[in-house]
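Hi,

Here is the structure I promised to pass on. Have a look at it first, and then read my notes below.

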Amino acid sequence: MTALVVGAARSGIALATHLIASGEVVRVVDRKPAAELHDEIAQMPGGVDLRLGDESGALDGVNVVYASPGVPWDSPLLNEARARGIPVSSEIDLFLKLTKGTVVGITGTNGKTTTTALTGVVLGAGKRPVVVGGNIGDTVLDRLDEITPEHWVVLELSSFQLESVAQPRLHAGVILNITPDHLDRHGTFGRYVDLKARAIEFAGPEDFAVLNGRDEVTRALAARTRAHVVWFDQHQPLPPMPLPGRHNMENALAAAAVGRIAGLSDETINGAIRSFKGVEHRLELVGEWAGVRWFNDSKATNPDAGRVALNAFPGAPVVLIAGGYGSGFELKDWVADVLAHTEAVVLIGASADLLQEALRDHPKVVRASTLEEAVNTAAGLTRLGGVVLLSPAYKSFDMFKDYEDRGNQFKALVHKQFAA
């Protein structure tokens, strides 16, 4: 049995490690050259046939293909595999087929990571062991052997991952919200909605669809499941969420609803939520200097996520750092929120020209060619009691490896700016 793993990043490494341990012959292919994959190569298990920089001949002699989340589901290589009759799967698909745990899957355009982490904290306050992973950054296939029927498994599931699972059967499928995103990959908003709906479409009557009744698109999905529908926005009592913003209250409501499904008391649920410290790169407080708070919201990779952050600081004078990679976003509502909630805007990245024109009615918009220049500029524009907010509303690939790299560089530059 020869398996082809497409993509040499975290998911690909987990797949290769699991498949090698299962006795399969494993080939890993990645379009990037070896010079760009030093860390990944070092983590690959021995015995892997590693082919980097060229996909030619990758399918020869292969019985099954596993694609990493970053590989388009309709890529030429995967389509060629299907044309040859070779099954195409993924890390998360394989995990869901093999795991013995009770799976909670959390999806939505915004808030997935915070809600996934928070749900893990809530369930961890009970008596059953908990594993958290998926798109949140931690692979789960390499933890398969430690997961028992007693485990709760909490997975953040992106549209890319849901697309790659043949039948994602989840005991509790949570859909937080749905607004246009990743249309460059999925083509239409309808297709994107269909992928999110997969989190609940394969559920049975004994399962749960945990939905946001405040979100019009999500609310309509209730008709597409056989599961018991739980409207998490109606959950009472309101949990004591320590993080700012209405969106974080919705995240807490979703986690609380899952806690109730798990049989936890409201006292236990609220105690767990009260202890939550937040997630890196999601409205993360970097620190406070001279009466100014600096927040890292690098995970805001689309305008709707950026709007969430902009509405989290009512009454505070905000200096926004925004801009990055991407196209096709609807900016009208984001622009309205920027005009309403910021004193100044510092623009970076490939979208800076577009955003400068969109914000032509804003009284203070400046440009920066680097993130370091943006941090220095923002420091000069803010005032006592203010907030400097990195919430790009665009993806990171024009200037950074990923949103984590962008956020980490921002935090380092802020600390450098105020180092004694």
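Let me start with a helix pair: H1 and H4 are oblique to each other, because their angle of about 45° is neither under 35 degrees nor in the range from 65 to 115. Before I go on, please keep in mind that this is a predicted model.

H1 covers residues 10–21 and H4 covers residues 91–98, and their axes are 10 Å apart. On the H1 side, the contact uses Ser11, Ala14, Leu15, His18 and Leu19, which meet Glu91, Leu94 and Leu98 in H4. Sorted by class, the residues of this contact are 5 nonpolar, 2 polar and 1 charged.

There is another helix pair to look at. H10 (residues 246–261) and H11 (residues 266–274) cross at roughly 145°, and their axes come within 10 Å. The crossing of H10 with H11 is right-handed. H10 brings Ala252, Ala256, Gly259 and Arg260 to the contact, while H11 brings Asp266, Ile269 and Ile273. Here the classes come out as 4 nonpolar, 1 polar and 2 charged residues.

Now to the sheet. What is the strand order in the open sheet of 6 strands? Reading across, you get S12-S13-S17-S14-S15-S16, and the pairing is mixed. S12 (284–289) and S16 (365–367) are the edge strands, each pairing on one side only. On average, neighbouring strands in this sheet are turned by 20° against each other, with direction ignored.

Inside the sheet, S13 (residues 292–296) and S17 (residues 387–390) run parallel and are joined by 4 bridges. If you want a spot to click on there, Trp294 stands opposite Val388 in S17. Helix H16 (residues 403–417) packs on the sheet, where H16 touches S12, S13, S14 (318–322) and S17. The direction of H16 makes about 10° with that of S12.

Last, the charged pairs. How many salt bridges does the count come to? The total is 24 salt bridges. One to pull up is Asp49 with Arg27, where the closest N and O atoms are 3.2 Å apart. Asp49 sits in strand S3 (residues 49–52) and Arg27 in strand S2 (residues 25–30), so this salt bridge ties together parts that are 22 residues apart in sequence.

That's it from me. Over to you!

Cheers

Terms used. Residues numbered from 1 in each chain as written. Predicted model: local features only at pLDDT ≥ 70, side-chain atom pairs only at ≥ 80, totals over all residues. Heavy atoms only, no water. Pairing = 2+ DSSP bridges. Helix = DSSP H or I, 4+ residues; strand = E, 2+ residues; numbered from the N terminus. Axes fitted to C-alpha atoms, helices over the stretch in contact; angles between N-to-C directions. Contact = heavy atoms within 4.5 Å. Parallel < 35°, antiparallel > 145°, perpendicular 65-115°, else oblique. Nonpolar A, V, L, I, M, F, W, Y, C, P; charged D, E, K, R; others polar. Left-handed = near helix turned anticlockwise from the far one by under 90°. Salt bridge = Lys/Arg side-chain N within 4 Å of Asp/Glu carboxyl O.
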